[in-house]
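Visitor: I would like a close look at a single part of this protein, followed outward into the rest of the fold, with the terms explained along the way.

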Amino acid sequence: PPRSTLFPYTTLFRSKIMEENKPHVRRKRYSGTHPKRFEEKYKELNPEKYAETIEHVISKGMTPAGMHISICVNEILDFLQIKPGQRWLDATFGYGGHTRKMLERLEGQGHMYALDIDPIEIKKTTKRLRDAGFGEDILTVKQMNFADIDKLVPESGLFDFVLADLGVSSMQIDNPERGFSYKVDGPLDLRLNPEAGVSAAERLAELDEDEIIGMLVENSDEPYAEEIAAQIMRERKRKHPIDTTTALRQVIEKALEFLPEAERREMIKKSCQRTFQALRIDVNSEFEVLDAFLSKLPGILAPGGRVAILTFHSGEDRMVKKYFKQMEKDGIYSETAKDVIRPSAEECVKNSRARSTKMRWAVKA
């Protein structure tokens, strides 16, 4: 046959030979008996392949790397009273744990919308649920901020239930490239959507001392706000960049050197947690976004529609409580939670990140 007709086969043969002769690259091994770095936890990052490892990590009360364990699932489902054929909204898609449980209750009837602002995790979670059999006929996923929920209604109609889990997902916290944790070195970013806005490092470089103090006090009730802000300004004057998680942690350590040695370590840990929280809230405008979401909620709920919100710090909980109480007084909600619902002691043992969770709910009149 002519040479041209053999070309596809010879090309395929050559590529196969090259592939076979390609040197095998061993996976990078970690030192010690257990992986410590995020990228070394290859078994935890592949839950479908290493189910036993995942179960073992969870049994020890920890969250596997790259995963997120949904909180208050039973309490939410008890409140929802989901019925096949209804229309639902998960305003914070995350790892998709809550979404999946709600979809299972729909039994293939009705429809669910899921929103998330994170362009990285939304793709992974969507694929995970599509692979599990939840197609576009029952699940619509949109990358958008839940402050814009009113824009959904022309397409979706009113919802029978809305869920919002305001916590940062574990897979975001654990990934050092996202900069959410002071425990591992990484860029000081903290954006839920790293493709928009300014990073925490940029934000910290543009605020003056009084603004930093205000941010730390208002967003996390930081008792050493003045000392930390003063140290940040000293580092800036010395032209020392605070652009990594380690750099910010070291600033906090210097700011609290005056504390007695016996209590310093614990205070540094708590101040790091509060400072990173305050910065994350500021960078993502979380209070402004929550305010918009709460004010628009009644407009997307069907009569008798239910909303449940999980909060993880006092500032969020105060806002939700205030809105629900005022709207019940105005007759917009027929009923609201009188007391917060917390995860069980058993759940907190299995998932330490559940301990600060508070759930509040309301029913549309």
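Visitor: What does Ala-132 count as, judged by its relative accessibility?

Guide: Because its relative accessibility is 33%, Ala-132 counts as partly exposed, a class lying between buried (under 20% relative accessible area) and exposed (over 50%), with a 1.4 Å probe and protein chains only. The model is a predicted one, in which local features need pLDDT of at least 70 and side-chain atom pairs count only at pLDDT 80 or more, whereas totals for chains, interfaces and linings use all residues. Residues are numbered from 1 along each chain as its sequence is written, and side-chain values use heavy atoms, with hydrogens and water left out.

Ala-132 sits in the loop between H5 and strand S3 (139-143); helices (H or I, at least four residues) and strands (E, at least two) are DSSP runs numbered from the N terminus. In sequence Ala-132 is 32 residues from Arg-100, while the C-alpha to C-alpha distance between them is 9.2 Å. Helix H5 itself spans residues 121-131 and contains Glu-121. Glu-121 is buried, because its relative accessible area is 5%. Setting aside neighbours within four places in sequence, Glu-121 is in contact (heavy atoms within 4.5 Å) with Met-171, Gln-172 and Arg-178.

On the other side of the loop, S3 belongs to an open sheet of seven strands, with mixed pairing and the order S3-S2-S1-S4-S5-S7-S6; two strands pair if DSSP finds at least two bridges between them. S3 and strand S6 (333-336) are the edge strands, each of them pairing on one side only. On average, neighbouring strands of the sheet are turned by 15 degrees against each other, direction ignored, where axes are lines fitted to C-alpha atoms, for helices over the stretch in contact, and angles run from 0 to 180 degrees between N-to-C directions.

Within the sheet, strand S1 (residues 87-90) runs parallel to strand S2 (residues 111-116), and four bridges join them. In this pair, Trp-88 stands opposite Met-112 in S2. Helix H3 (residues 73-80) packs on the sheet, where H3 touches S1, strand S4 (159-165), strand S5 (301-311) and strand S7 (358-364), and its direction makes about 10 degrees with that of S7. S1 is also joined to S4 by three bridges, again with a parallel run, and Leu-89 has Val-162 of S4 as its bridge partner. From S1 the chain crosses through helix H4 (residues 97-106) to S2 in a right-handed β-α-β crossover, meaning that, with the strands pointing away from the viewer, the path from the first strand over the helix to the second runs clockwise.

Turning to the interior, the largest nonpolar core (buried Ala, Val, Leu, Ile, Met, Phe, Trp, Tyr and Cys residues joined through side-chain atoms within 4.5 Å) has 33 residues, of which Leu-188, Ile-212, Ile-242 and Leu-248 touch the most other members. Two or more residues come to this core from each of helix H8 (200-206), helix H9 (209-220), helix H10 (225-237), helix H11 (245-255) and helix H12 (261-283), and H12 gives the most, with six residues. Apart from this core lies another, of 32 residues, including Ile-149, Leu-301, Val-320 and Met-327.

For the protein as a whole, the secondary structure comes to 15 helices and seven strands, and 48% of the 365 residues count as buried.
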